Amino acid sequence: MRTPFLLLPLLLLHLAPAKAAQCAAQAQPGIDWRRCLLEARDLRKADLTGAVLRDASLSNSDLRGATLRGVVGYSVRFVAADLRGADLTEAKLLRADMTRANLSGARLVGADLRRIRFFRADLRGADLTAARLEGADLLHAQLEGARWTDGTRLCAAGSVGACR
(Lines give C-alpha, C1' and ligand atoms only; values in the text may rest on other atoms or scores of the structure.)
Protein backbone atom coordinates (compact mmCIF):
# COMPACT_ATOMS: atom_id res chain seq x y z
CA MET A 1 0.00 0.00 0.00
CA ARG A 2 2.94 2.39 0.40
CA THR A 3 3.99 2.26 -3.23
CA PRO A 4 1.47 4.90 -4.45
CA PHE A 5 2.67 7.33 -1.77
CA LEU A 6 6.28 6.83 -2.84
CA LEU A 7 5.34 7.62 -6.44
CA LEU A 8 3.71 10.94 -5.57
CA PRO A 9 7.01 12.89 -5.17
CA LEU A 10 8.24 11.48 -8.48
CA LEU A 11 5.02 12.51 -10.19
CA LEU A 12 5.30 16.04 -8.77
CA LEU A 13 8.90 16.33 -9.98
CA HIS A 14 7.79 15.23 -13.43
CA LEU A 15 5.05 17.90 -13.56
CA ALA A 16 7.23 20.79 -12.29
CA PRO A 17 9.09 21.50 -15.59
CA ALA A 18 5.80 22.00 -17.45
CA LYS A 19 4.89 24.87 -15.12
CA ALA A 20 8.33 26.44 -15.44
CA ALA A 21 8.04 26.24 -19.23
CA GLN A 22 4.91 28.45 -19.11
CA CYS A 23 6.85 31.16 -17.26
CA ALA A 24 9.57 31.07 -19.90
CA ALA A 25 7.12 30.96 -22.83
CA GLN A 26 6.69 33.87 -25.23
CA ALA A 27 3.75 36.23 -24.72
CA GLN A 28 0.65 34.95 -26.50
CA PRO A 29 -3.13 34.95 -26.08
CA GLY A 30 -4.31 32.64 -23.30
CA ILE A 31 -0.84 32.10 -21.79
CA ASP A 32 -0.81 30.77 -18.22
CA TRP A 33 1.69 32.91 -16.32
CA ARG A 34 0.20 32.12 -12.92
CA ARG A 35 2.72 32.84 -10.11
CA CYS A 36 5.44 33.79 -12.62
CA LEU A 37 8.06 36.48 -11.95
CA LEU A 38 8.13 38.51 -15.17
CA GLU A 39 9.61 41.74 -13.91
CA ALA A 40 11.20 44.39 -16.13
CA ARG A 41 10.08 42.65 -19.35
CA ASP A 42 9.61 44.32 -22.72
CA LEU A 43 6.03 43.38 -23.60
CA ARG A 44 5.19 46.39 -25.77
CA LYS A 45 2.20 45.66 -28.01
CA ALA A 46 2.06 42.04 -26.75
CA ASP A 47 -1.25 40.22 -27.18
CA LEU A 48 -2.10 38.64 -23.83
CA THR A 49 -5.85 38.34 -24.47
CA GLY A 50 -7.37 35.93 -21.94
CA ALA A 51 -4.05 35.28 -20.18
CA VAL A 52 -3.95 33.96 -16.62
CA LEU A 53 -1.75 36.27 -14.53
CA ARG A 54 -2.96 35.27 -11.07
CA ASP A 55 -0.32 36.05 -8.38
CA ALA A 56 2.23 36.94 -11.09
CA SER A 57 4.56 39.93 -11.00
CA LEU A 58 5.03 42.17 -14.04
CA SER A 59 6.44 45.03 -12.01
CA ASN A 60 8.61 47.52 -13.92
CA SER A 61 7.58 45.90 -17.22
CA ASP A 62 6.89 47.83 -20.42
CA LEU A 63 3.36 46.95 -21.59
CA ARG A 64 2.73 50.05 -23.71
CA GLY A 65 -0.03 49.34 -26.23
CA ALA A 66 -0.40 45.74 -25.01
CA THR A 67 -3.70 43.87 -25.32
CA LEU A 68 -4.78 42.40 -21.98
CA ARG A 69 -8.49 41.96 -22.78
CA GLY A 70 -10.19 39.54 -20.41
CA VAL A 71 -7.04 38.63 -18.47
CA VAL A 72 -7.51 36.98 -15.09
CA GLY A 73 -5.05 38.70 -12.79
CA TYR A 74 -6.16 38.31 -9.20
CA SER A 75 -3.40 39.69 -6.93
CA VAL A 76 -1.11 40.40 -9.92
CA ARG A 77 1.60 43.02 -9.37
CA PHE A 78 2.11 45.79 -11.94
CA VAL A 79 4.14 48.04 -9.62
CA ALA A 80 5.75 50.85 -11.65
CA ALA A 81 4.74 49.12 -14.92
CA ASP A 82 4.19 51.16 -18.08
CA LEU A 83 0.70 50.37 -19.40
CA ARG A 84 0.19 53.53 -21.47
CA GLY A 85 -2.46 52.87 -24.10
CA ALA A 86 -2.92 49.24 -23.01
CA ASP A 87 -6.30 47.56 -23.52
CA LEU A 88 -7.51 45.94 -20.28
CA THR A 89 -11.15 45.69 -21.34
CA GLU A 90 -13.07 43.26 -19.10
CA ALA A 91 -9.89 42.28 -17.21
CA LYS A 92 -10.38 40.71 -13.78
CA LEU A 93 -7.79 42.41 -11.58
CA LEU A 94 -9.17 41.99 -8.06
CA ARG A 95 -6.62 42.90 -5.36
CA ALA A 96 -4.02 43.76 -8.03
CA ASP A 97 -1.21 46.18 -7.17
CA MET A 98 -0.70 49.01 -9.67
CA THR A 99 1.26 51.28 -7.35
CA ARG A 100 3.01 53.97 -9.45
CA ALA A 101 1.88 52.28 -12.71
CA ASN A 102 1.40 54.48 -15.76
CA LEU A 103 -2.04 53.74 -17.24
CA SER A 104 -2.51 57.00 -19.10
CA GLY A 105 -4.78 56.45 -22.09
CA ALA A 106 -5.45 52.83 -21.08
CA ARG A 107 -8.83 51.14 -21.69
CA LEU A 108 -10.28 49.57 -18.53
CA VAL A 109 -13.83 49.29 -19.88
CA GLY A 110 -15.88 46.79 -17.87
CA ALA A 111 -12.82 45.73 -15.86
CA ASP A 112 -13.24 44.26 -12.39
CA LEU A 113 -10.91 46.42 -10.30
CA ARG A 114 -12.30 45.73 -6.84
CA ARG A 115 -9.80 46.27 -4.03
CA ILE A 116 -7.09 47.22 -6.56
CA ARG A 117 -4.23 49.45 -5.42
CA PHE A 118 -3.76 52.48 -7.70
CA PHE A 119 -1.55 54.35 -5.19
CA ARG A 120 0.24 57.16 -7.11
CA ALA A 121 -0.83 55.59 -10.43
CA ASP A 122 -1.24 57.73 -13.55
CA LEU A 123 -4.75 57.20 -14.94
CA ARG A 124 -4.92 60.45 -16.92
CA GLY A 125 -7.08 59.96 -20.00
CA ALA A 126 -7.89 56.33 -19.08
CA ASP A 127 -11.34 54.93 -19.91
CA LEU A 128 -12.97 53.43 -16.80
CA THR A 129 -16.46 53.04 -18.31
CA ALA A 130 -18.42 50.35 -16.41
CA ALA A 131 -15.34 49.40 -14.36
CA ARG A 132 -15.94 48.08 -10.85
CA LEU A 133 -13.89 50.08 -8.34
CA GLU A 134 -15.38 49.06 -4.98
CA GLY A 135 -12.67 49.20 -2.31
CA ALA A 136 -10.05 50.53 -4.75
CA ASP A 137 -7.15 52.53 -3.31
CA LEU A 138 -6.88 55.70 -5.43
CA LEU A 139 -4.69 57.62 -2.97
CA HIS A 140 -2.67 60.20 -4.95
CA ALA A 141 -3.77 58.65 -8.29
CA GLN A 142 -3.80 61.12 -11.19
CA LEU A 143 -7.27 61.02 -12.79
CA GLU A 144 -7.35 64.16 -14.91
CA GLY A 145 -9.22 63.54 -18.17
CA ALA A 146 -10.16 59.97 -17.25
CA ARG A 147 -13.61 58.80 -18.38
CA TRP A 148 -15.33 57.75 -15.16
CA THR A 149 -17.26 54.52 -14.54
CA ASP A 150 -20.59 56.05 -15.63
CA GLY A 151 -19.16 56.40 -19.15
CA THR A 152 -20.07 60.08 -19.48
CA ARG A 153 -18.17 62.09 -16.88
CA LEU A 154 -14.60 63.17 -17.52
CA CYS A 155 -12.50 63.84 -14.44
CA ALA A 156 -11.61 67.52 -14.14
CA ALA A 157 -8.16 69.04 -14.14
CA GLY A 158 -6.49 68.53 -10.79
CA SER A 159 -8.41 65.31 -10.01
CA VAL A 160 -6.08 63.47 -7.65
CA GLY A 161 -7.33 60.53 -5.60
CA ALA A 162 -10.92 61.05 -6.77
CA CYS A 163 -12.74 62.02 -9.96
CA ARG A 164 -13.95 65.61 -9.64
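**Exercise 1. Work out how Asp 82 is placed and which partner its side chain meets.**

Solution. Start with the accessibility: Asp 82 has a relative accessible area of 15%, so it counts as buried. Keep in mind that we're working with a predicted model here. Next, look for a partner: the side chain of Asp 82 meets that of Arg 64 in a salt bridge, at 3.7 Å from N to O. That passes the test, because a salt bridge needs a side-chain nitrogen of Lys or Arg within 4 Å of a carboxyl oxygen of Asp or Glu. Now check the sequence: both Asp 82 and Arg 64 sit in the segment after α1, 18 residues apart, and the pair links distant parts of the chain. Finally, turn to the partner: Arg 64 is partly exposed, with a relative accessible area of 29%.

**Exercise 2. Take the Asp 97 and Arg 77 pair through the steps of accessibility, distance and sequence.**

Solution. First, accessibility. Asp 97 is at 15%, and so it counts as buried. Arg 77 comes out partly exposed, at 37%. Second, distance: the two side chains, Asp 97 and Arg 77, form a salt bridge with 3.4 Å between N and O. Third, sequence: Asp 97 and Arg 77 both belong to the segment after α1, so their pairing ties together parts 20 residues apart. As background, side chains of opposite charge can pair when their charged atoms come close.

**Exercise 3. Do it again for Asp 127, then go from pairs to a network.**

Solution. Asp 127 bridges to Arg 107, and their closest N and O atoms are 3.6 Å apart. This pair also links distant parts of the chain, with Asp 127 and Arg 107 both in the segment after α1 and 20 residues apart. For cover, Asp 127 is buried at 16% relative accessible area, while Arg 107 is partly exposed at 36%. Now the network: salt bridges with shared partners join Asp 42, Arg 44, Asp 62, Arg 64, Asp 82 and Arg 84 into one. To put a total on it, a search of the whole structure turns up 13 salt bridges.

**Exercise 4. Which arginines gather in a patch of positive charge on the surface?**

Solution. Go and find Arg 35, Arg 54, Arg 95 and Arg 115: these make up the patch. Take Arg 35 as the example, which is found in the segment after α1, the helix spanning 3-24. Its relative accessible area is 56%, so Arg 35 counts as exposed. The cut-off behind that call is over 50%.

**Exercise 5. Is Leu 48 buried or exposed, and which residues does Leu 48 touch?**

Solution. Place it first: Leu 48 is in the segment after α1. Its relative accessibility is 0%, so Leu 48 is buried. Then list what Leu 48 touches, skipping residues up to four places away in sequence: Ala 27, Gln 28, Pro 29, Ile 31, Trp 33, Leu 63, Thr 67, Leu 68 and Val 71. Zoom in on one of these: Gln 28 is 20 residues from Leu 48 in sequence, with 5.3 Å between their C-alpha atoms.

**Exercise 6. Describe the surroundings of Ser 159.**

Solution. Ser 159 is another residue of the segment after α1. At 0% relative accessibility, Ser 159 is buried. Leave out the neighbours within four places in sequence, and the contacts of Ser 159 are Ala 141, Gln 142, Leu 143, Glu 144 and Arg 164.

Conventions:
Residues numbered from 1 in each chain as written. Predicted model: local features only at pLDDT ≥ 70, side-chain atom pairs only at ≥ 80, totals over all residues. Heavy atoms only, no water. Patch = residues over 30% accessible without salt bridge, like charges linked within 9 Å, V, L, I, M, F, W, Y side chains within 5 Å. Areas by Shrake-Rupley, 256 points an atom, 1.4 Å probe, with all protein chains shown as cover. Lys, Arg positive; Asp, Glu negative; His and termini not counted. Charge placed at Lys NZ, Arg CZ, Asp CG, Glu CD. Helix = DSSP H or I, 4+ residues; strand = E, 2+ residues; numbered from the N terminus. Buried < 20%, exposed > 50% of the residue type's maximum accessible area, 1.4 Å probe, protein only. Contact = heavy atoms within 4.5 Å.
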